[in-house]
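Here is a short briefing for a reader who is meeting this structure for the first time. Please look over the sequence and the model before going on to the notes.

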Amino acid sequence: MKPIERDEVQRAIDTFAKRDVFLHLETTNGAYASHHDESFFSAGAYIRNAKVQYEHGKIVGDDPYRVGLKLEIGWVYAEGLNHFEIDEQGRLLLAGLDSTGKLAVALQISLQPFE
Amino acid sequence: MEKEKQVLVVFPHPDDEAFGVSGTIASYIESGTPVTYACLTLGEMGRNLGNPPFATRESLPKIRKKELQDAADSLGITDLRMLGLRDKTVEFEDDGELTDRISSLIQELTPSLIITFYPGYSVHPDHEATARAVVRAVEALPVNQQPKLQCVAFSNNCVAELGEPDIIHDITPVQDKKIAAMKAHRSQTEAMLATWAEKLEVEDPELLGWIQKERLWTYQWPEK
């Protein structure tokens with residue numbers, strides 16, 4: 001993964017629009033957050049292989065970025081994104097890595113289900 | 001260390017074995033005791049991807065699988081089972097099916113000792129779910145056929161509630177194998193090991209003590 005290049009990510013988002021795509025969306029503080037700091041309220045969410053179609057999607061912001069996908073009857077978004085890769089299978093992998101490199105958020109779009 | 005016929009180690013994530021019991025594993029293997037390591041997931045949801053990142057969410061499982069095999073090699077483990085569950089979902093699996101997976105391993109291997117996490121005192125939901133499944137599988141056996149059950153605990157309250165660990169293995173003779181196993185899990189340990197380099201150089205007693213003394217608690221069955 002490399003730091004997000006907004007235009008390249010926007011073009012990738014556009015190529016997946018109006019098609020059936022599979023999404024991976026994840027936010028996490030890590031399973032040890034409340035172990036290291038008992039006052040820390042740990043929360044996160046995870047969905048893998050949600051099959052959706054979006055009308056359009058947009059990347060906004062200035063490192064870190066936000067990405068929103070407008071569905072026919074709903075929305076998907078993620079914030080805190082700063083790294084990306086279009087992998088060998090043509091999937092768009094977006095991630096938000098904290099200052100130590102740990103993943104805090106991921107939004108990934110693929111034409112085929114994720115393994 | 002007591003002589004064992006066969007040891008079965010059950011943890012959910014590649015690297016769970018490395019920190020707490022890899023010296024114990026290497027010691028058993030050096031003394032000729034067969035050790036099977038059943039690892040439930042590939043740590044697919046690990047947050048460490050390298051810094052700068054050399055992995056992605058999608059490439060991480062393949063990388064961690066290789067790391068797990070390398071760690072097993074460095075400890076001399078020849079029977080490594082990857083059970084194919086997904087990281088952070090273990091507690092949501094069907095309890096009965098999970099117990100059956102463990103029971104069939106026990107039936108096949110008839111271990112004299114099982115090492116896993118201590119249920120209630122192992123912090124990560126996957127650790128807890130794994131530990132509960134092992135306890136259920138052992139509990140289902142007739143008492144005279146139950147293997148010993150020794151557990152890793154590290155929650156903040158573990159010593160206050162369980163007392164001091166009743167088993168402490170000094171693994172100094174196999175310390176290099178333990179460090180090699182930890183290093184093998186590069187994607188997860190690189191940053192931490194980098195902070196150790198200096199301490200290892202000056203033989204920092206606190207760090208060496210933590211590495212050399214492996215602490216286990218014999219599982220206490222609840223009174224019926």
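The notes below cover a sheet, the helices on it and the nonpolar cores.

This is a predicted model, and its chain B contains an open sheet of seven strands with mixed pairing. Two helices of chain B, α3 and α4, are described with the strands that they touch or lie across.

**The sheet**
- The strands of chain B follow the order β3-β2-β1-β4-β5-β7-β6, and the edge strands, which each pair on one side only, are β3 (79-85) and β6 (167-170) of chain B.
- Neighbouring strands of this sheet are turned against each other by 25 degrees on average, direction ignored.
- Strand β5 (residues 148-152) of chain B runs antiparallel to strand β7 (residues 213-218) of chain B, and two bridges join them.
- B:Q150 stands opposite B:T218, a residue of β7(B).

**Helices on the sheet**
- Helix α3 (residues 95-109) of chain B packs on the sheet and touches β1 (7-11), β2 (35-41) and β3 of chain B, with its direction at about 165 degrees to that of β1(B).
- Helix α4 (residues 125-139) of chain B lies across β1, β2, β4 (113-117) and β5 of chain B, and runs at about 150 degrees to β4(B).

**Nonpolar cores**
- The largest nonpolar core has 51 residues, and those with the most contacts inside it are B:V9, B:V134 and B:C151.
- Helix α4(B) gives the largest share of this core, namely seven residues.
- Leaving aside neighbours within four places in sequence, the contacts of B:V9 include B:V21, B:I25, B:V35 and B:I115.
- Apart from the largest core lies another core, of 26 residues, among them A:Y65, A:L92, A:L97 and A:L103.

Terms used:
Residues numbered from 1 in each chain as written. Chains lettered and ligands numbered in written order. Predicted model: local features only at pLDDT ≥ 70, side-chain atom pairs only at ≥ 80, totals over all residues. Pairing = 2+ DSSP bridges. Helix = DSSP H or I, 4+ residues; strand = E, 2+ residues; numbered from the N terminus. Axes fitted to C-alpha atoms, helices over the stretch in contact; angles between N-to-C directions. Contact = placed C-beta atoms within 7 Å. Core = buried A, V, L, I, M, F, W, Y, C linked by C-beta atoms within 7 Å. Buried ≥ 20, exposed ≤ 12 C-beta atoms within 10 Å, placed from the backbone.
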